[in-house]
Every structure is written in structure tokens, then in C-alpha cells.
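Reader: I am new to reading structures and would be grateful for guidance. Please choose a single part of this one, examine it closely, and then connect it to its surroundings.

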Amino acid sequence: MHTSETLDTFVHREGKTLMKLDVKPNETRVGPAIKGESLVFYNPAMNRSRTRSVLLMQYAIENNLLGNGEIYALDGLSATGLRARRWLNELPPESSKRINATIIDMDPEALKLALRNHEEFPPNNKGGKLKTIRGDLRASILEQGWHWVDIDPYGSPVPFIDTAIQSIARRGVLEVSATDTAALTGSSKNALLRRYGARVRNDGLAHDSALRVLLANVARSAARHERSIEPLMSVWDSHHLRVSVRVIRSIENANRVEESIGWRIYSPTIEEVKASIKIGLQPDTSLEILPMDCFLPLSHPIERNDKRISGPLWIGKMGKKDVLAFMTEERAIEMCAPIDCKDDYLGWSEKDFEYERRRIVKSVKNLSDEANGIETPHHILVDYLSSWLEIGSPPSPKKLVDLLRNNGYAAGLANYGKKPSIRTDAPWDVIIKLALEVHPPI
Ligand SMILES: C[S@@+](CC[C@H](N)C(=O)[O-])C[C@H]1O[C@@H](n2cnc3c(N)ncnc32)[C@H](O)[C@@H]1O
């Protein structure tokens, strides 16, 4: 067990950061923690999301996305405040000393706990600041401008997106989590239509479509406030979805928002594939075997009750190559893994440290490989591909990626829940040819 008991509280470590909690966290639960289970909400299953958040902030700082001065960073629905405390504790000193972090929560117990933990376990390098605001995020967030805003609600982020966008300085980064995955993936159709104005075909790509529906909603909100977005990273991880985008004030780009929004069509007709190629949403291909799905622009006439169609959703890139390339296992360990030492506060054994290192590594699984495919149009589930081609067992994703790269195409393994999949810019007929080379028909 990775938590130790002291005076009726538990000291818990996530990444390099320690905190006291009133209840021992349930490390085995995959889904969301149960509200009211402990005084303040803490979900260990979100540890990977918090690790990626630390890495993304460092990327943004190194690549000058947040300016050169003090960084006003908001952990918007903070609960224990662990996310902000991890920024302060795990970023390298030259970055963390620039962070002026604020945590907002309507629960006074959450803020008290965060401050107690901040005092008892201050950031290693003593840099950076942590401030609390008690109140409803939708009101408090507009009190000043932010370079970084994190929204991690119970369920849907919809109530918070509009004010979060308005609160971002001339340029900044917005990270949004959603745990209403049943709605976003099309299992709860009414909730999806009500909250996000979309429909999603509930198939293997439903989580990819869900991320795209969320991106389209963030982009629409940004456009309403004369801003545009650039997706940096979009991740489906167990029970939650999360998009991280750069927000830039620009009326000109905001005017073009509909260029990045459209439809995903499952089992498209020849005409639909031709239309997709014509507008540059996928490379030219022979149409002997049609693709499993394709994107079409918003202007394409569609039948809204057609069960093959998902959208409106984001049809642009879901992430940025350089960002994903930054998310290496080595960097994650260096920045976020606790350092094995004899007089460890929790008395951890070598095995405990190794366990935590493995958790940290899992946070970035495949991401640096996916960098090679993230800016490409095809996301292919290998299980689906084998059924489509009637070739029995699916081709090895790794072999398929290697073959595509050897043939000069961009390709990468995807970080997509637990479903093995790849991304590539190869034309569909080339993908088919190479998949059949890896795995000839039986
Ligand atoms: C899912 S938890 C946040 C988890 C946290 N971000 C983390 O990484 O552990 C949601 C938090 O939002 C708070 N909350 C819910 N609605 C709010 C609102 N309108 N304004 C401010 N806080 C709110 C709750 O008290 C709760 O602590």
C-alpha cells in the first residue's frame, strides 16, 4: 500500500508530491471516486491526467506559449488542489518560480486541506505561489485574466467552458476534462444532443469522436469570444476525456471556425470519399476498397437521422506533434517520479518506488510515438481493420506502423484507451496493401 497512516490521516504520494487525506484513497478503482466518500474529493485514477498536466505546462513554458513573465495559472475546480501543487512542486525551479497559482473551489474544506498540505509539504524548490478563492468558478474566474486554466468538473464541463474561454489572457492554454463519457460517446443520445448539440455513432471510434465533439464545442465558444483554438493534446484515459488547447485572441481566425468543424461518416459511399479527398481531408486513393470512415466539411449536405454520421465535430488535428514528442517516458520520470531514498518520508521500499515509476510511465504511453501520426487524417483501429478486410486476427499495430514509415509515410501508435490503433497520413489503398502484407487473408 502506498499510503501511510499517521494520526487519523493518511499521507499519500502522487508523482513527487505528498498530501494528507482524511480517508485512504482507493487505488484500485478505475472510475470516478464516489462523491461524499471522503471529506474532500480525491480520485487516484486521475493521477495520469495530472502528470500529463505537469509535462504540458513545462512544454508550454519552454516553447514560450505563456509569455516571459509571471504565469497566472488556475486550477479551476481544484478539490484537494493537488494539480496546482504538483505544478509548483514538480516543474523545474526555473519554471515553477514563475507560477502564480490559484485554486478555486466552492468547498471550504477542500481549500483548507490544500493550504494545510501546501504548508506541511511545500514545493521542493520553494518557488511559486499558491492562492485560494472560495466560490462558484463561473463568477470567480472572471476576476482576472489567466495564462493557464484547468477545468476538471464532476461530469460535463459545459457549464464552465464559456467563462473559462473569456478569462484567458491574450494567449494561453485551456485544459478541459469531461467524465460524462456516456453522453459524449453517444450512449446517452439525448444528453449528447442537449449538452453538445451533436450525435455520435457509438462504435470503436466513439471516444475519438467524443474528443472531437468536445473540441468543436470549445472552438465554438472561443469563436463567440473572438478567439481561436489550436489543439495541443486530446486524450481518452479510462473514465475521462480531456482536451488541451492553446487559445489565441484573433477575430480573423475566429471567423474561420467552421473550416475545422464537420462530420465523420462511417462506411462512406464513393461520392462521400471523393468529396472528402477533394477538400483535402484525406489523401487521394483508388476506391476499390472504400475506407471505414471519412470526414466531410460542415457544408456537406447530410441526413441528420443517418445512423452512420457523427458530428458536428472537430475535423482538424487533435494534437500537436511537438507536444506529443515532448511526452517521453524519460522526461515523465525525470520530472514526476519520486526519487528513491533511504530516509523516505513514507518509508517506501524500492518496490514501491518502482510501482510509482511504472504509473508515471503509463501516463505517457505511446504519446511520443503517436507524435509521428497525430497530425494525420486516418485513425485506424486494427481490430476493425481486420474485420473490414476479413483477414481474421488483426495486424500487429507496431508492424503496420513500421511498414508505413519504411514506405515514407507518417505513422504512429495511438494512445487511445485500451484499443490498439494507429494514425497515419498514407492513402487508404496503401494502408490496405501494407495491412495485407503484415497479415495476408486466410
Ligand atoms: C472532480 S472534482 C475536481 C478534482 C480535481 N481537479 C483533482 O485533480 O483532483 C470537482 C470539484 O469541483 C468543485 N465544484 C463543483 N462545482 C463548482 C463550482 N460551480 N464552482 C467551484 N467549485 C465547484 C467541487 O467542490 C469539487 O471539489
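Author: A79 is a suitable place to begin: 23 C-beta neighbours lie inside 10 Å of it, and it therefore counts as buried. A residue is called buried if 20 or more other C-beta atoms lie within 10 Å of its own, exposed if 12 or fewer, and partly exposed in between, with the C-beta atoms placed from the backbone. The model is predicted: local features need a pLDDT of at least 70 and side-chain atom pairs count only at pLDDT 80 or more, while totals for chains, interfaces and linings use all residues. Residue numbers start from 1 along each chain as its sequence is written.

A79 belongs to the loop between β4 (71-75) and α2 (82-90). Such names refer to DSSP runs numbered from the N terminus: helices are runs of H or I with at least four residues, and strands are runs of E with at least two. Although A79 is not a glycine, its phi is positive, at about 50 degrees. Most residues other than glycine have a negative phi, and most peptide bonds are trans. N366 also has a positive phi without being a glycine, here about 65 degrees. N366 sits in the loop between α14 (350-363) and α15 (367-370), and its 19 C-beta neighbours inside 10 Å mean that it counts as partly exposed. As for the peptide bond, the one from G311 to P312 is cis, with omega near 0 degrees, and P312 is part of strand β13 (residues 309-314).

A79 also leads to the ligand. Among the 22 residues around the ligand, those that come nearest are L77, A79, D107, L137 and D152; a residue is included if its C-beta atom, placed from the backbone, lies within 6 Å of the molecule. At least two residues of this shell come from each of α2, β5 (99-105) and α5 (137-140). Sorted by class, the shell holds twelve nonpolar, three polar and seven charged residues. In this sorting Ala, Val, Leu, Ile, Met, Phe, Trp, Tyr, Cys and Pro are nonpolar, Asp, Glu, Lys and Arg are charged, and the others, Gly among them, are polar.

Both α2 and β5 reappear in the surroundings of helix α4: the buried residues of α4 pack against β3 (17-21), α2, β5 and β6 (129-134). Packing is judged by contact, which requires the C-beta atoms of two residues, placed from the backbone, to lie within 7 Å. The buried residues of α4 are A110, L111, L113, A114, N117 and H118. Viewed down the helix axis they fall within an arc of 160 degrees, so they line one face of α4; the arc is that of the directions from the axis to the C-beta atoms. On the other side of α4, P108, E119 and E120 are exposed. The length of the helix can be checked as well: the 13 residues of α4 (residues 108-120) should span 18 Å at 1.5 Å a residue, and the end C-alpha atoms are 18 Å apart, which agrees. The expected span is 1.5 Å times one less than the number of residues.

The strand β4, at the other end of the loop that holds A79, leads in turn to β7 (146-151). Three bridges join β4 to β7, and the two run parallel; strands are said to pair if DSSP finds at least two bridges between them. Across this pairing, A73 stands opposite W148 in β7. β7 also pairs with strand β8 (residues 168-178), in the parallel sense and over five bridges, where D150 stands opposite E175 in β8. Six of the six residues of β7 are buried, so this strand is largely enclosed by the rest of the structure.

The loop between α5 and β7 contains I141, which counts as buried because it has 24 C-beta neighbours inside 10 Å. Leaving aside neighbours within four places in sequence, I141 is in contact with L74, G76, I104, T163, A164 and S167. From β8, the residue E175 leads on to S244, which touches L56, V173, E175, L232 and M233, not counting residues up to four places away in sequence. S244 is located in strand β10 (residues 240-249) and is buried, with 24 other C-beta atoms within 10 Å.
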